[in-house]
Amino acid sequence: MNDALAPDTQPDPVTRPFEAARTCILAGEIDAKLAACATAVSAWRAVAGNDTGTGTGTEDEVEAIADDLTPGSPTELRLVAPRELVTRKLHTPQGHAALIHAICHIEFSAINLAWDAVYRFRAMPAAYYQDWVQVAEEEARHFGLLSARLAKLGYHYGDFSAHNGLWEMARETAYDPLVRMALVPRVLEARGLDVTPGIMKRLAAIGDDESVAILEIIHRDEIGHVETGTRWFHYLCEQRGLDAEATFRELLAKHMRGFPGGPLHREARCKAGFSEAELDYLEGMGQ
Ligand SMILES: [Fe+2]
Ligand SMILES: [Fe+2]
């Protein structure tokens, strides 16, 4: 190759880590996804401490990339409406595997969500990117643990249908990091904090201690992910002079009319930065 031409064909050092994030979102096959994730993590760690972001995330600085990405997924994975999903009755081997597959799909999607939080929003401080890179790395680890578990049960990621609700929320919140932080980590990922202990009980009841141990790791890490979301949501509210609790309620009313409400894992959510008032409000929704 002619070296003199190389700089024109390669992204510059500032955009390269963003491009690595995009490449991971687009990767579909499992090995390619995990390899692209590791490459993107390295690309970001190499620029840690640099001013990767260009601003502070104030309202007039918001710079969201208008790139309507469709994340890659394994060729055999069929995305369907939630009502078309297989019911997951744990007393059959197939139902048991379908449940693990469903969580596997959430983790695969969570890799995309973490990289999209990095890729899409360009006016955030450097620490924001490093935080979401760490989340992406942990989501890939969660996915790896669950897909290995699924393989032990005789199945692979892609063997069951899945729905695309998580990415739809990424699309809906693509215009503003404040909205993304409020609704993806603080609503969708936080929902996982509520439901995971119940799933662990169901799996323990059928003697699947291996999956329970994986979900324990996931539950612990996910508190961190939601806390990261809370921290950056508060940061962005402060930058814009907004009251965080009132803004969160407004965004829930605008985007989350279908929030189920009901019992929350209050202890985990408190650790993840929810206030008592927010938890009372969330529990009252859907009633
Ligand atoms: Fe996860
Ligand atoms: Fe997560």
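Select His142 to begin; His142 is found in helix H5. Helices here (H or I, at least four residues) are DSSP runs, as are strands (E, at least two), and both are numbered from the N terminus. The model on display is predicted: local features need pLDDT of at least 70, side-chain atom pairs count only at pLDDT 80 or more, and totals for chains, interfaces and linings use all residues. Residues are numbered from 1 along each chain as its sequence is written, while chains are lettered from A and ligands numbered from 1 in the order in which they are written.

**Stop 1: His142**

Is His142 buried or exposed? His142 counts as buried, because 22 C-beta neighbours lie inside 10 Å. The cut-offs are these: a residue is buried if 20 or more other C-beta atoms lie within 10 Å of its own, exposed if 12 or fewer, and partly exposed in between, with C-beta atoms placed from the backbone. Next, add Glu107, Ile218 and Asp221 to the selection; His142 touches these residues, not counting residues up to four places away in sequence. Two residues are in contact if their C-beta atoms, placed from the backbone, lie within 7 Å. Between the C-alpha atoms of His142 and Ile218 the distance is 6.4 Å, although 76 residues separate the two in sequence.

**Stop 2: H3 against H5**

Keep H5 (residues 126–152) in view and select H3 (residues 30–46). Two packed helices are described by the angle between their axes and the distance between the axes. The axes of H3 and H5 come within 10 Å and cross at roughly 155°, which makes H3 roughly antiparallel to H5. Axes are lines fitted to C-alpha atoms, for helices over the stretch in contact, and angles run from 0 to 180 degrees between N-to-C directions. Angles under 35 degrees count as roughly parallel, over 145 as roughly antiparallel, 65 to 115 as roughly perpendicular and the rest as oblique.

The crossing of H3 past H5 is left-handed; that is, the near helix is turned anticlockwise from the far one by less than a right angle, whereas clockwise would be right-handed. To display the contact, select Ile30, Leu34, Cys37, Val41 and Trp44 in H3, together with their partners Tyr129, Gln130, Val133, Ala136, Glu137, Ala140, Gly144 and Ser147 in H5. Colouring by class gives nine nonpolar, three polar and one charged residues in the contact of H3 with H5. In this scheme Ala, Val, Leu, Ile, Met, Phe, Trp, Tyr, Cys and Pro count as nonpolar, Asp, Glu, Lys and Arg as charged, and the others, Gly among them, as polar.

**Stop 3: Thr23 and Gly72**

Move to Thr23 in helix H2 (residues 15–26). Thr23 counts as buried, with 20 C-beta neighbours inside 10 Å. Thr23 touches Ala36 and Ala40, leaving aside residues up to four places away in sequence.

Gly72 follows, in the loop between H3 and H4. Gly72 is partly exposed, with 19 other C-beta atoms within 10 Å. With residues up to four places away in sequence not counted, Gly72 touches Leu26, Ala27, Gly28 and Lys33. The C-alpha atoms of Gly72 and Cys24 are separated by 8.5 Å, and the two residues are 48 residues apart along the chain.

**Stop 4: H4 and H6**

Select helix H4 (residues 93–120): its 28 residues should span 40 Å at 1.5 Å a residue, and its end C-alpha atoms, 40 Å apart, agree. The expected span is 1.5 Å times one less than the number of residues. H4 is mostly covered, with 24 of its 28 residues buried.

Now add H6 (residues 165–172), whose axis comes within 9 Å of that of H4 and crosses at roughly 15°. H4 and H6 are therefore roughly parallel to each other, and their crossing is right-handed. The contact involves Ile106, Ser109, Asn112, Leu113 and Asp116 of H4 and Leu166, Trp167 and Ala170 of H6. By class, the contact of H4 with H6 has five nonpolar, two polar and one charged.

**Stop 5: H7, H9 and Met256**

Finish with H7 (residues 177–205) and H9 (residues 244–255), whose axes come within 10 Å and cross at roughly 75°. H7 and H9 are therefore roughly perpendicular to each other. Val179, Ala182 and Leu183 of H7 make the contact with Phe248, Leu251 and His255 of H9.

The last selection is Met256, in the loop between H9 and helix H10 (266–271). Met256 counts as partly exposed, with 17 C-beta neighbours inside 10 Å. Met256 touches Leu183 and Val187, not counting residues up to four places away in sequence.
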